[in-house]
Amino acid sequence: YRKKLLDDHSLMDRFAALHSSAELRAEERVIAALPAEAAVPARRRGIQRAFPRVPGVARIALAAAIVIAVIVGIDFLLDARNGPVPALAAVIENMVKAENVVYRERVWILGEWRTIERARNQAGFIRYDWEDSTHVFYRGGQCGTLSIYPAEKRAVLEKRTYEPYRPSESDESDSLRNVIMRNQMEREKDPVGNLSRLYKKKGHIFVRRERREGKNLAVYEFRIGDNYKWTTWVDVDSELPFRIEIVRRDPAKRGASYMYGLDVSDFQPQGALRSSADGWTDHVPGEPTHIWDDFRWNTQLDTAYFSMTPPDGYAATIIDGDKEMELLAKRWREGVSYEASEIAKTLSIWISLSGGAFPDDLEDLGDSVKVRPFLIAKYDKDGRPGDEFRAAMHDSWWIDQGYRLTGFCSKKGALHYLGRGSVFGDSTRIVCWGKETGMMVPRHDNPYWIIYADLRCVQSKTPPKISEK
């Protein structure tokens, strides 16, 4: 205990410029009272006056016991309310402030655990390492994204001028957009600190202590009803996260039924156990879908680790993101609208499932009785059930997105469907047309769009003339 007090006293000396003299408290006096190599004559003060007939060694032991009892008592009370608060927490936090972090993220997605190595530093760089590629991001000033593909010896660097969002006086201070943008700006200021201090934010509650892998850990939880739980294990000594688990109560990930009622068992032989499907790892309700672990704080990293320079020997493509945005804006004004292209893509998937026929009604896109058999027939080819199921889910997701978009446009009175009885390929027959809605209207010189039976999309200044036939 004396050694710990000496260490704390040393820390206080190092950071004395940052703290008032009141924060020195009793450490200096207690250290002086504790026995060292030689006995130190004690002056008659404090505890001597309170216990004049008690021997000196006993008085010293009593003083130490009182200090320990006070510290332990305070720690216990603070534990009960806020979790463990180490002595001199502010000083320790300054000393071990995180400059960078590398950690592993494991994500359960549709029967597969995928592993990503993530890293970030105080300068604002973020790095993702997938199995087949690496991506480095930088947000601030001249920002960019460097994507590296080792198998192909190929690198793509996209540069773009980044201007942080600054709300104007006319903006509503409590609008959702402002809240999101303010949070983004805070994250960009200190990406490492944001992660290291996340468990200290409002809503995170200390629940227990644990010992794992030789470390003393404090466990914090953040919940949103019964649907979401974020658990953080924190190293008590460094106050930095050691492990994070996220549990989502999402029927699309935890249950037997998925979009349009699809399940991996639909692609297995009849009677086979769902949990035995090849290419599939079952997920039990209550288990995490995201696990962040193997945290390495303030590790020594090669200077090229966060570099935005393509590696030597790689074929590099450099993209001017600002010009790309200008060209994209021009294509939006002059070319095919987002709504038309998305609906055409949805219709193309339906056509691939139905043998070339268009749906009788756009409501068919949301009918699981019609969609589910199509998807099973297309992908159930006696291969790996897990792979077949994920391929079917890919198509089902696009159909569902298109169905939601058509519903939105229909409610606005901006969508007309004429595809009943149509077959793919007729370049003269109109199957669907509509008018731009919402924020996209001023971006187009031609507000009307038309989709033909060959899925060709055309913009127009006026709505099409459709004969009664």
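**Exercise 1.** Over the ring of which residue does the charged end of Arg456 sit?

Solution. The model is predicted. Step one: take the charged end of Arg456 and look for the ring beneath, which is that of Tyr452. Step two: read the distance to the ring centre, 4.3 Å. Step three: compare a lysine case, in which Lys345 lies over the face of Trp398, at 3.6 Å from the ring centre.

**Exercise 2.** Find the residues that touch the most other members of the largest nonpolar core, and the elements that build this core.

Solution. Step one: the core has 38 residues, and Leu262, Phe358 and Ile451 touch the most other members. Step two: at least two residues each come from helices H10 (338-354), H11 (368-379) and H12 (385-411), and from strands E13 (415-417), E14 (430-435) and E15 (448-452). Step three: H10 gives the most, with eight residues. Step four: another core lies apart from this one; it has 14 residues, including Val101, Val192, Leu240 and Trp292.

**Exercise 3.** Trace the contacts between Ile451 and Ala344 from both sides, leaving aside neighbours within four places in sequence.

Solution. Step one: start from Ile451, whose contacts include Ala340, Ile343 and Ala344, as well as Arg429, Ile430, Val431 and Cys432. Arg456 and Cys457 are also in contact with Ile451. Step two: start from Ala344, which is in contact with Ile451, Leu455 and Cys457. Step three: place Ala344 in helix H10. Step four: check the distance along the chain; Ala344 and Ala453 are 109 residues apart, yet their C-alpha atoms are separated by 9.6 Å.

**Exercise 4.** Is Ala344 buried or exposed?

Solution. Step one: the relative accessible area of Ala344 is 6%. Step two: buried means under 20%, so Ala344 is buried.

**Exercise 5.** Describe the aromatic pair of Phe125 and Phe306, and say which parts of the chain the pair ties together.

Solution. Step one: the geometry is tilted, with 6.4 Å centre to centre and 45 degrees between the planes. Step two: Phe125 lies in strand E3 (residues 125-129), and Phe306 in the loop between strand E11 (290-297) and strand E12 (315-320). Step three: the pair therefore ties together parts that are 181 residues apart in sequence. Step four: Phe125 counts as buried at 18% relative accessibility, and Phe306 is buried at 10%.

**Exercise 6.** How many aromatic pairs does the count come to, and which residues do ring pairs link into a cluster?

Solution. Step one: the count comes to 17 aromatic pairs. Step two: the cluster linked by ring pairs holds Tyr103, Trp230, Trp292, Phe295 and Trp297.

Conventions. Residues are numbered from 1 along each chain as its sequence is written. This is a predicted model: local features need pLDDT of at least 70, side-chain atom pairs count only at pLDDT 80 or more; totals for chains, interfaces and linings use all residues. Side-chain values use heavy atoms; hydrogens and water are left out. A nonpolar core is a set of buried Ala, Val, Leu, Ile, Met, Phe, Trp, Tyr and Cys residues joined through side-chain atoms within 4.5 Å. Buried means under 20% relative accessible area, exposed over 50%, partly exposed in between (1.4 Å probe, protein chains only). Helices (H or I, at least four residues) and strands (E, at least two) are DSSP runs, numbered from the N terminus. Contact means heavy atoms within 4.5 Å. Rings of Phe, Tyr and Trp (its six-membered ring) pair if their centres lie within 6.5 Å; planes under 30 degrees apart count as stacked, over 60 as edge-to-face and the rest as tilted. A charge sits over a ring if NZ of Lys or CZ of Arg is within 6 Å of the ring centre and within 35 degrees of the ring normal.
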